[in-house]
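Trainee: Got a minute to go through this one with me? I'd like to start with the overall fold and finish at the ligand.

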Amino acid sequence: MKKIAILGSTGSIGTQTLEVARTNQDLEITALAAGNRIELLEAQMREFHPSLVAVWSEEKAKELRLRTSDLDVRIVAGMEGLLEVAEQPESEILVTAIVGMIGIRPTIAAMKAGKDIALANKETLVTAGHIIMPLAEERGVRILPVDSEHSAIFQCLNGENRRELHKILLTASGGPFRGKKKEELKAVKVEDALKHPNWSMGQKITIDSATLVNKGLEMMEARWLFGVEPENIQIVVQPKSIIHSMVEFVDGAVMAQLGTPDMKLPIQYALYYPSRRYLPGERLDFRQLMQITFEQPDMENFPGLRLAFEAAAVGGSLPTVYNAANERAVALFLDRRIRFLDIPELIENCMERHTVIENPSVEEILQTEQEVYQMIDKLELK
Ligand code: NDP
Ligand code: MG
């Protein structure tokens, strides 16, 4: 039995992780954590019987305790609750399927407690990669990528000498607005931005895919996971998301991982690495698939991607500013308080105003996050 704890069990990655657990009898769910959706969380508790559950608000935790008083489970709340789930003694692997920088502290706590990490929560690596990667080495724990592109790269590198890796070719669908110009992007509605052509995901990452900020975050995620400089990470637009990413070695050989767009594959690969298991579902059919096309990314009309390369080149606390500004801007856009093109503009404004801290500690990262939120509150009031 492999014992698994999940942060963000009610979300897109969380529910798909539980689907994988449902079809594999040797995976045991020992702890779950979620935010607001306690009805779904209750159903998950009744099906998977975790011994520990965390809910963000104390009020919801109380309500859940009442609803599940017939179950043998401990229910905790707040950041303390997330940390308890992360450190739970009986679990072996933590799936970080929570969204945003809130994942930093629990991820670090789990690693210190000796857990392997199945990492979906890219915001943690983007902002604290310089802390997470050395910590993994020091504690002898594995960071197993769940993000489909990073899982693809990880699969391509299996059995290879990492020093012979020359370049990462990170594929991008281009999102729902591929080919559009700034003029046309001005009037984009929340509903349009929430329609991703290939993947069904949580709201925040779906907006990030529309602005191409997601690809920027993934470039920084790849940088830390695979120890490659940003200038050796090339974004390749491949609109149908059939190639999940590629690597180029020093001799010029390129390896790619292909498949249908189904997050259960990278989730299952992370949970069973280095083994592969049967996965039900659609397969690529090369009798139907006539072509795979490529394009250059458009950094002019989608400045969110350009800004990511700028943040990565400077490093220090600037990727935190990029990420925190984006988190807040996306929330404001979903709330219909700002327009689509205001998202990269707010990110750029915050990056310009920030004085970079080299090698920031976790406290400095979280402090920078708060400063960025205050900056945006002021900018938004104008
Ligand atoms: P969702 O929005 O679908 O889910 C987020 C999860 O986090 C929910 O379970 C939510 O709980 C929980 N959560 C949010 N805030 C808190 C909190 N304060 N305390 C406890 N739990 C909280 O996101 P996704 O599943 O789409 O994405 C999760 C992460 O994975 C992100 O970092 C994303 O970038 C990454 N990722 C996602 C992919 C995808 O296909 N979805 C692909 C690659 C990476 P609740 O809903 O109950 O409030
Ligand atoms: Mg991805």
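What follows is a short back-and-forth about the chain, one helix and the ligand site.

Mentor: Ground rules first: this is a predicted model, where local features need pLDDT of at least 70, side-chain atom pairs count only at pLDDT 80 or more, and totals for chains, interfaces and linings use all residues. Residues are numbered from 1 along each chain as its sequence is written, chains are lettered from A and ligands numbered from 1 in the order in which they are written, and side-chain values use heavy atoms, leaving out hydrogens and water.

Trainee: What radius of gyration does the chain have?

Mentor: The radius is taken over C-alpha atoms, and the globule rule is 2.2 Å times the number of residues to the power 0.38. With 382 residues, a compact globule would come out near 21 Å, and the chain agrees with that at 20 Å.

Trainee: What share of the residues in the chain is buried?

Mentor: Buried means under 20% relative accessible area, with a 1.4 Å probe and protein chains only. Of the 382 residues in the chain, the buried share is 57%.

Trainee: Why is helix H5 described as largely enclosed by the rest of the structure?

Mentor: Helices here are DSSP runs (H or I, at least four residues), numbered from the N terminus. H5 covers residues 104-112, and its buried residues include Ile104, Ile108 and Met111. It counts as largely enclosed because, of its nine residues, the number buried is seven.

Trainee: Which residue follows H5 with a positive phi?

Mentor: Look just past the helix for a phi near 85 degrees. The residue there is Gly114.

Trainee: Which residues come nearest to ligand 1?

Mentor: A residue is near a molecule if one of its heavy atoms lies within 4 Å of it. The shell around ligand 1 holds 25 residues, and helices H1 (12-23) and H6 (122-139) each supply at least two of them. Coming nearest are Thr10, Asn36, Arg37, Glu123 and Gly202.

Trainee: How far is the polar side-chain atom of Arg37 from an oxygen atom of ligand 1?

Mentor: A polar contact is a pair of N or O atoms within 3.5 Å. Ala120 makes one through a polar backbone atom, 3.4 Å from a ligand oxygen, and Thr10 makes one through its side chain at 2.7 Å. For the Arg37 side chain, the distance is 2.7 Å.

Trainee: How much of ligand 1 does the protein bury?

Mentor: Areas come from the Shrake-Rupley method with a 1.4 Å probe. Taken alone, ligand 1 exposes 900 Å², and the part of that buried by the protein is 90%.

Definitions and conventions. Polar contact = N/O pair within 3.5 Å; in protein donor to acceptor, adjacent residues only side chain to side chain. Helix = DSSP H or I, 4+ residues; strand = E, 2+ residues; numbered from the N terminus. Buried < 20%, exposed > 50% of the residue type's maximum accessible area, 1.4 Å probe, protein only.
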